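Q: I'm new to this one and would like a close look at a single part. Please start with the question of disulfides, then walk me through the parts of the fold you can describe.

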Amino acid sequence: MPIFTRFASPMGDILIEADEQQQVSCLIVAADDEPDPAEARRDDAALAEAREQVEGYLAGRRRSFSLSLAPGGSDFQRDVWSALLRIPYGETRTYGELAHRLGHEGAARAVSAAALANPVPLLIPCHRVVAADGLGSYSGGQALKDSLLSMESSAKLATPSYPR
């Protein structure tokens, strides 16, 4: 039976779920959105590490995740989601740039659709891909996308850089 944990964050309530193989998903959810008890059971202890990583990210102390993900999707979607993981923390790329990097010139709309279909939008940072003329779409809404980008930008600026 899948398990879940839920907690409040500055971005909204976070719901983390894991299946029997410990493949994790994470969503920012509405206050009354919770898994059906017949389909998943709450296990805060089993998902403590995942919660700690998400809280660290939202606090600006963590820039990536080391959680087991299995988002499914088509080959193209998985290629896009993999490319999203390579966008550095605090930076953005346009849908067109990502399409070009993937060798799919002119497929900006398809990249946008794949990003929007990302089933783990916080863990695979689809908020880092934007439209050429603005924020673009985001499954959690534009206000949340803007908040995540602002948080990353602020945390990146607050981190001192040292000459190598």
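**Disulfides and the fold**

A: Counting a disulfide as two cysteine sulfurs within 2.5 Å, you get zero disulfides here. Bear in mind that this is a predicted model. A disulfide, after all, is a covalent bond between the sulfur atoms of two cysteines. Take C26: its closest cysteine sulfur belongs to C126 and sits 12 Å away, so that's too far for a bond. Go from C126 instead and you land back at C26, again at 12 Å and too far. Both are tucked away from the surface: C26 is buried at 0% relative accessibility, and C126 is buried too, at 3%.

Now for the strands, beginning with β1 and β2. Strand β1 covers residues 3-9 and strand β2 covers 12-18; they run antiparallel and share seven bridges. One of the pairs is T5 with I16 in β2. A hairpin of two residues links β1 to β2.

β2 also pairs with β3, which spans residues 24-29, antiparallel again, this time over six bridges. Here A18 has V24 in β3 as its bridge partner. Five residues sit between β2 and β3 in their hairpin, and Q22 in that turn has a positive phi of about 65°.

On to R128, which sits in the loop between α4 (108-116) and β6 (129-130). You might expect an arginine to stick out, but R128 counts as buried, at 4% relative accessibility. Its side chain reaches the backbone oxygen of I87 at 2.9 Å. Leaving out residues up to four places away in sequence, R128 touches quite a list, including Y57, R63, P88, Y89, E91, L149 and E152.

One of those, Y57, takes us to helix α1, residues 48-58, where Y57 is among the buried residues, along with A50, Q53, V54, G56 and L58. After α1 comes G60, whose phi is positive, near 85°.

Back at α4, the helix before the R128 loop, the buried residues are V111, S112, A114 and A115. They cover an arc of only 165° around the axis, so they lie on the same side of α4. What do they pack against? The buried residues of α4 pack against α2 (75-85), α3 (95-101) and β6.

Technical notes: Residues numbered from 1 in each chain as written. Predicted model: local features only at pLDDT ≥ 70, side-chain atom pairs only at ≥ 80, totals over all residues. Heavy atoms only, no water. Buried < 20%, exposed > 50% of the residue type's maximum accessible area, 1.4 Å probe, protein only. Helix = DSSP H or I, 4+ residues; strand = E, 2+ residues; numbered from the N terminus. Polar contact = N/O pair within 3.5 Å; in protein donor to acceptor, adjacent residues only side chain to side chain. Contact = heavy atoms within 4.5 Å. Arc of directions from axis to C-beta. Pairing = 2+ DSSP bridges.
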